[in-house]
Amino acid sequence: MSYVGSDEFDDEHSKLGEYEGGRNDAGERHGAGKAVLPNGDIYQGQYENGKRHGQGTYRFKNGARYVGDYFQNVKHGQGTFYYPDGSRYEGSWVEDLRQGHGVYTYPNRDLYDGEWLRNVRHGHGVYCHHETGSKYRGAWVNGSMESAGEYVHTSHRYQGNFVNNNPLGPGKYVFDNGCEQHGEYHQAEQDHAEGEWGNLASTAVLKWIPKYITGLTTWTSAKEASAGEKETASADYEAGN
């Protein structure tokens with residue numbers, strides 16, 4: 001969510017809204033001040049040459065609230081945004097967008113602690129499910145679990161590669177009793193219903209294919225495993241020549 005639309009009403013030259021606070025020699029808002037915008041939003045904090053700049057608190061009429069850094073009228077730096085639905089983001093902002101490291105607490109009390117890019121989860125992060133206690137720890141791309149990651153449950157965890165929020169390719173289940181089940185997730189398509197053009201629409205179904213069971217081992221991603229296989233093949237070739 002992003003509530004920046006009402007900020008555009010705060011135009012020094014429009015003479016709209018009410019303002020109490022400091023001004024510079026040019027008559028622009030400067031220093032500490034409080035502004036009540038025509039739409040009912042309220043900003044109280046620092047100004048510089050007519051723009052919100054520095055620490056401030058912006059209260060939206062819909063109940064949302066931002067407390068943190070501003071730079072040239074936009075949220076930029078460190079700040080906390082309280083959303084009307086009860087969710088909260090605390091962390092880094094870049095030009096009005098969640099970007100960098102931040103912690104987002106959702107209405108259902110789930111929590112994401114990690115990296116953001118342009119308002120979506122992107123980079124490395126941990127997502128904790130409040131109701132079940134399960135958590136995902138690993139890479140994110142454009143808001144989805146992607147590449148190498150680990151899903152931790154109560155009595156076991158899965159380590160492997162993820163594609164678009166689902167496990168896909170090689171991985172393993174690690175159980176608390178000390179054993180591991182290695183295998184691969186494959187995506188099988190099942191006919192589901194007749195589509196708009198008379199063709200059968202299909203739904204992707206994930207299928208776990210177990211291969212073998214071992215004691216505890218160190219898990220590597222598919223990319224790392226592939227590199228290791230190439231090194232072994234190269235060594236075998238050199239040994240035979």
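## Close-ups of a predicted strand-rich chain

**View 1. Strand 13 and strand 14 pair up as antiparallel neighbours.** Strand 13 (residues 156–163) and strand 14 run antiparallel and are joined by seven bridges. This is a predicted model, so keep that in mind for every view here. To find your way along the pair, start at His156, which sits opposite Phe175 in strand 14. Then look at the turn: the hairpin of strand 13 and strand 14 has two residues between the strands, and Asn164 takes a positive phi there, near 50°.

**View 2. Lys172 and Glu180 meet through their side chains.** Where does Lys172 sit? Lys172 belongs to strand 14, which covers residues 166–175. Is Lys172 buried or exposed? Lys172 counts as buried because its relative accessibility is 1%, and buried means under 20%. Glu180 also has a relative accessible area of 1%, so Glu180 is buried. The side chains of Lys172 and Glu180 are joined by a polar contact of 3.2 Å. That pair also makes a salt bridge, with the closest N and O atoms 3.2 Å apart. As a bit of background, side chains of opposite charge can pair when their charged atoms come close.

**View 3. Lys211 and Glu184 form a salt bridge.** The nitrogen-to-oxygen distance between these two side chains is 2.9 Å. The pair links distant parts of the chain, with Lys211 in strand 16 (residues 200–215), Glu184 in strand 15 (residues 179–194), and 27 residues from one to the other. How much of each partner is left uncovered? Lys211 counts as exposed because its relative accessibility is 52%, and the cut-off for exposed is over 50%. Glu184, at 22%, counts as partly exposed.

**View 4. Strand 7 and strand 8 make an antiparallel hairpin.** Six bridges hold this pair in register on paper: they join strand 7 to strand 8. One of the matched positions is Arg88, whose bridge partner in strand 8 is Thr105. The hairpin has two residues between the strands, and Glu95 has a positive phi near 50° there. Asp96 is found in the loop between strand 7 (88–94) and strand 8 (97–105). What is unusual to spot in the phi of Asp96? It is positive, about 75°, although Asp96 is not a glycine.

**View 5. Asp96 reaches Lys75 in a salt bridge.** The side chains of Lys75 and Asp96 meet at 2.9 Å, N to O. This pair links distant parts of the chain: Lys75 lies in strand 6, Asp96 lies in the loop between strand 7 and strand 8, and the two are 21 residues apart. Both Lys75 and Asp96 are buried. For Asp96, the relative accessibility is 12%, so Asp96 counts as buried.

**View 6. Strand 8 also pairs with strand 9.** Strand 8 and strand 9 (residues 111–117) run antiparallel, with six bridges joining them. His101 has Glu115 in strand 9 as its bridge partner. In this hairpin there are five residues between the strands, and Arg109 takes a positive phi near 75°. While you look along the strands, remember that in a regular strand the side chains alternate between the two faces of the sheet.

**View 7. Asn73 sits in a loop with a positive phi.** Which two strands does the loop of Asn73 connect? The loop lies between strand 5 (65–71) and strand 6 (74–82). The phi of Asn73 is near 80°, a positive value in a residue other than glycine. Asn73 counts as buried because its relative accessibility is 19%, and the cut-off is under 20%.

**View 8. Cysteines and a charged network round off the tour.** Cys128 is partly exposed, with a relative accessible area of 23%, and Cys179 is partly exposed too, at 24%. How many disulfides are there? The count comes to zero. Elsewhere, Arg137, Glu150 and Arg157 are linked in a network of salt bridges. A search of the whole structure finds five salt bridges.

**View 9. The whole chain, for context.** The protein chain has one helix and 16 strands. Of its 241 residues, 34% count as buried. The chain exposes about 14200 Å², and carbon and sulfur atoms supply 49% of that. Among contacts with a separation of 6 or more, 18% come from residues 24 or more positions apart.

Key. Residues numbered from 1 in each chain as written. Predicted model: local features only at pLDDT ≥ 70, side-chain atom pairs only at ≥ 80, totals over all residues. Heavy atoms only, no water. Helix = DSSP H or I, 4+ residues; strand = E, 2+ residues; numbered from the N terminus. Buried < 20%, exposed > 50% of the residue type's maximum accessible area, 1.4 Å probe, protein only. Polar contact = N/O pair within 3.5 Å; in protein donor to acceptor, adjacent residues only side chain to side chain. Pairing = 2+ DSSP bridges. Contact = heavy atoms within 4.5 Å. Areas by Shrake-Rupley, 256 points an atom, 1.4 Å probe, with all protein chains shown as cover. Disulfide = S-S within 2.5 Å. Salt bridge = Lys/Arg side-chain N within 4 Å of Asp/Glu carboxyl O.
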